[in-house]
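Biologist: Can you take me through this model? I will ask as we go.

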Amino acid sequence: VYLILTVQLAVTFAVVAVFTFVHPVKLFVITYPAIYWASYAVFFVVYCILICCKEPRRRFPLNLVLLGVFTIALSFMAGSVSRWTSPPVGVFSALQLFCS
């Protein structure tokens, strides 16, 4: 359990750091806000699957795939939101996302 949580946190931290500190990526996300909405839609669909459907979250390979897609979508959402803040705030918000 702790290894999975550590990997989720590391992925989220890395994505938010790229969205925050790499200027071309930040400009791309500002130019195309559809990235945020697409990641929000993917997040919501995977979240509903994980919450509502018992079978997918209990089968071994499928649950890890869904968790990975969920983590990537949540990381892109946090990275997209971090474009409006200063760099330390964006990185700390990613840490807060999985620590709470």
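Biologist: Which residues make up the largest nonpolar core?

Modeller: Nine residues in all: Tyr-36, Phe-43, Val-46, Leu-50, Leu-66, Phe-70, Ala-73, Leu-74 and Met-77. A nonpolar core here is a set of buried Ala, Val, Leu, Ile, Met, Phe, Trp, Tyr and Cys residues joined through side-chain atoms within 4.5 Å. Buried means under 20% relative accessible area, exposed means over 50%, and partly exposed lies in between (1.4 Å probe, protein chains only).

Biologist: Which elements give two or more residues to this core?

Modeller: Helix 3 (34-52) and helix 5 do. Helix 5 gives the most, with five residues. Helices are DSSP runs (H or I, at least four residues), numbered from the N terminus.

Biologist: What sort of model is this, and how are residues numbered?

Modeller: It is a predicted model, where local features need pLDDT of at least 70 and side-chain atom pairs count only at pLDDT 80 or more, while totals for chains, interfaces and linings use all residues. Residues are numbered from 1 along each chain as its sequence is written, and side-chain values use heavy atoms, with hydrogens and water left out.

Biologist: Back to the core. What does Phe-70 touch?

Modeller: Not counting residues up to four places away in sequence, Phe-70 touches Gln-8, Phe-43, Val-46, Tyr-47 and Leu-50. Contact means heavy atoms within 4.5 Å.

Biologist: And Ser-75, buried or exposed?

Modeller: Ser-75 is buried, at a relative accessible area of 0%. This serine lies in helix 5. Leaving aside neighbours within four places in sequence, Ser-75 is in contact with Val-11, Thr-12, Val-15 and Val-16.

Biologist: What about Ser-80, where is that one?

Modeller: Ser-80 is in helix 5 and is buried, with a relative accessible area of 0%. With neighbours within four places in sequence set aside, the contacts of Ser-80 are Phe-19, Val-29, Ile-35 and Tyr-36.

Biologist: How does Phe-76 count on accessibility?

Modeller: Phe-76 counts as partly exposed because its relative accessibility is 31%. Phe-76 also lies in helix 5, and with the neighbours within four places left aside it is in contact with Val-15, Phe-19, Ile-35 and Ser-39. C-alpha to C-alpha, Phe-76 is 9.3 Å from Ala-38, though the two are 38 residues apart in sequence.

Biologist: Change of topic. How many disulfides does the count come to?

Modeller: Zero. A disulfide is a pair of cysteine sulfur atoms within 2.5 Å.

Biologist: Why is there no bond for Cys-52?

Modeller: Because the closest cysteine sulfur, in Cys-48, is 5.3 Å from the sulfur of Cys-52, too far for a bond. Cys-52 counts as exposed, at 63% relative accessibility.

Biologist: And Cys-53?

Modeller: The closest cysteine sulfur to that of Cys-53 is in Cys-52, 6.1 Å away, so that is too far for a bond as well. Cys-53 is partly exposed, with a relative accessible area of 33%.

Biologist: Lys-26 next. Buried or exposed?

Modeller: Buried, since the relative accessible area of Lys-26 is 16%. Lys-26 is found in helix 2 (residues 23-31).

Biologist: Which residues does Lys-26 touch?

Modeller: Phe-19, Thr-20, Arg-83 and Thr-85, not counting residues up to four places away in sequence. Lys-26 and Gly-79 are 53 residues apart in sequence, and their C-alpha atoms are 8.9 Å apart in space.
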